[in-house]
Amino acid sequence: MTPDPSTAAAWWRDAVIYQIYPRSFADANGDGVGDLPGVTARLEHVAALGVDAIWLSPFYRSPMADAGYDVADYREVDPVFGDLGDAERLVARAHDLGLRVLVDLVPNHTSDEHAWFRAALAASPLSPERERYVFRDGRGPRGEEPPNNWSSMFGGPAWTRVNEADHTPGQWYLHLFDSRQPDLNWQHPQVRAEFLDILRFWLDRGVDGFRVDVANALVKQEGLPDWDPIAALEKFGAEDAPVPPMWDQDEVHEIYRTWRDVVDSYDPAGSRILVAEAWVEPPTRLARYVRGDEMHQAFNFNYLGASWEADSLRQAVERSITANHAVGAPTTWVLSNHDVVRHATRFATARPGDHIGIGIGPRDPQPDATLGLRRARAASALMLALPGSAYLYQGEELGLPEHTTLPDEARQDPTWFRTDGGLVGRDGCRVPIPWHADAPAFGFNTTGATWLPQPPSYGELAADRQAGVAGSTLELYRAALRLRRELALGLGELTWDTTLGNERVVALRRTTPAGEILVLTNLGDQPVPVPKGMRVVLSTDDQLPAGPAVGADVTVWAIPDSRSPAGGPPT
Ligand code: NOJ
């Protein structure tokens with residue numbers, strides 16, 4: 001069953017896309033790091049979930065200073081993951097199973113081991129080799145101060161000084177992330193041409209699109225002025241908030257128009273897509289990335305950052321839908337990925353938004369796993385009932401929590417090192433996922449080796465423990481994805497239902513090509529009744545499945561009594 005060409009051009013508008021983090025999905029050769037043959041062997045699980053596509057985090061040649069987001073060769077597969085043939089077999093197998101495939105593209109920076117950066121280090125200041133990156137002289141009498149005050153996203157300064165050929169300290173280069181991830185100079189025509197070619201390289205191998213890493217960072221403000229992020233916080237998220245000089249510059253959009261031309265030139269027309277990873281506020285500025293001639297989707301991190309409060313969720317939904325409507329684009333919902341505390345843990349903490357990118361470690365207060373999972377199930381069912389596309393992160397269909405007690409010596413995230421252990425970083429959401437409760441490494445491989453240790457709690461949550469078990473999180477996701485398709489929940493309109501008169505319930509009516517659906521998420525502590533005449537077709541409650549009331553921290557989907565779930569004749 002290859003992806004259906006008749007719906008090709010619009011497939012992404014309501015698609016559910018499953019993120020695979022190859023290091024931690026499945027490890028075929030048993031070396032402790034997941035690989036592409038491992039992914040291929042387990043694609044049936046993903047197809048059986050009922051998603052439309054997968055997105056693969058980077059598997060390119062890399063010294064892995066940032067788990068592969070530091071690319072040394074964009075056209076090679078890193079040996080730890082396999083080779084180009086493995087990538088081609090993975091794409092073919094996915095297509096056979098009816099899954100489209102998105103790959104990750106990392107255009108803001110390369111690895112320090114990329115041939116261009118090596119050439120830049122070997123060359124002299126003002127050489128053409130240095131112009132492909134952002135090299136500057138330092139400030140101060142001997143150039144000993146960084147060229148400006150920008151900070152790296154992983155902590156410390158965003159500049160590193162190099163030694164010149166005569167071994168004396170020389171220029172500085174910019175890295176918004178780790179010092180081993182030098183930023184490219186996107187004003188340089190060679191950089192632009194190179195990435196058009198990389199797009200074609202992977203499109204020629206059959207991929208269906210690209211998730212674009214830090215899509216809002218490529219262009220920096222002329223003159224690289226100093227920036228005071230603390231002062232800017234006051235207006236964070238406001239329509240008139242100042243635009244930081246390293247993010248979301250207007251000129252970045254012209255780059256994506258050229259990329260759109262490339263993806264559009266592939267068959268079937270309009271079916272290959274671009275997805276922006278852009279932490280941009282407010283939603284009106286994020287919507288600029290999905291104008292008709294730019295990208296197709298942009299992750300809605302505003303929703304991901306919402307707290308477990310009805311108002312916060314309602315506002316995030318409303319603001320994003322309104323902003324995207326204005327440019328004619330659907331919205332792209334997401335709750336977890338490889339950069340944030342898993343939502344089964346995040347929603348059990350006091351201020352969920354605070355844990356984005358920062359992590360939770362053994363010295364932090366430990367979250368209540370039961371409460372977190374209950375809320376996560378409710379949040380996921382709410383997300384999957386919203387119009388637009390949704391992304392899932394591997395393991396959320398098992399209800400996996402963050403690993404919050406990883407030992408210090410296991411840590412790999414550059415955030416941990418660049419903050420001298422001040423922030424634990426993102427390793428806790430990247431732990432290899434469990435397949436079989438009673439196998440070595442919970443079935444991640446057959447040797448038991450894992451690049452990050454798994455918490456014992458992953459055993460009970462293994463896929464084989466949940467498959468076929470009524471009320472399990474895995475079966476909940478399967479049911480939700482099947483119903484989402486039948487009820488066409490990714491399409492159509494959303495209106496808020498205010499008739500319940502309960503501020504702590506998110507209540508929305510969906511009108512889709514399949515009819516009317518009522519969605520209720522109860523963020524209060526008392527059960528609320530399901531309105532008369534409505535029949536619950538999905539409930540996230542593992543205590544009271546499909547009952548007449550919506551318990552605390554539960555989402556239900558309900559349809560008029562008279563209708564069958566598929567929108568066909570009354571049952
Ligand atoms: C966003 C990626 O998702 C993250 O994992 C990475 O560290 C940064 N971009 C830098 O590439």
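I will talk about one open sheet, the helices that lie across it, and a nonpolar surface patch.

This is a predicted model, in which local features need pLDDT of at least 70 and side-chain atom pairs count only at pLDDT 80 or more, while totals for chains, interfaces and linings use all residues. Residues are numbered from 1 along each chain as its sequence is written, and side-chain values use heavy atoms, with hydrogens and water left out.

Let me start with the sheet, whose five strands (E, at least two residues, DSSP runs numbered from the N terminus) follow the order 14-15-16-20-18 with antiparallel pairing, where pairing requires that DSSP finds at least two bridges between two strands. Strand 14 (493–496) and strand 18 (534–539) stand at the edges with a single partner strand each, so one side of each is left without a neighbour in the sheet. From one strand to the next, the twist averages 30°, with axes fitted to C-alpha atoms and angles running from 0 to 180 degrees between N-to-C directions. Strand 16 (residues 515–522) pairs with strand 20 (residues 554–560) over five bridges in the antiparallel sense, and Val 554 in strand 20 is the bridge partner of Asn 522.

Turning to the patch, Ile 230, Leu 233 and Phe 236 make a nonpolar surface of about 370 Å²; patch residues have over 30% relative accessible area and no salt bridge (a Lys or Arg side-chain nitrogen within 4 Å of an Asp or Glu carboxyl oxygen), with like charges joined within 9 Å and nonpolar side chains (Val, Leu, Ile, Met, Phe, Trp, Tyr) within 5 Å, and areas come from the Shrake-Rupley method with a 1.4 Å probe, only the protein chains shown counting as cover for residues.

Key
Helices (H or I, at least four residues) and strands (E, at least two) are DSSP runs, numbered from the N terminus. Contact means heavy atoms within 4.5 Å.
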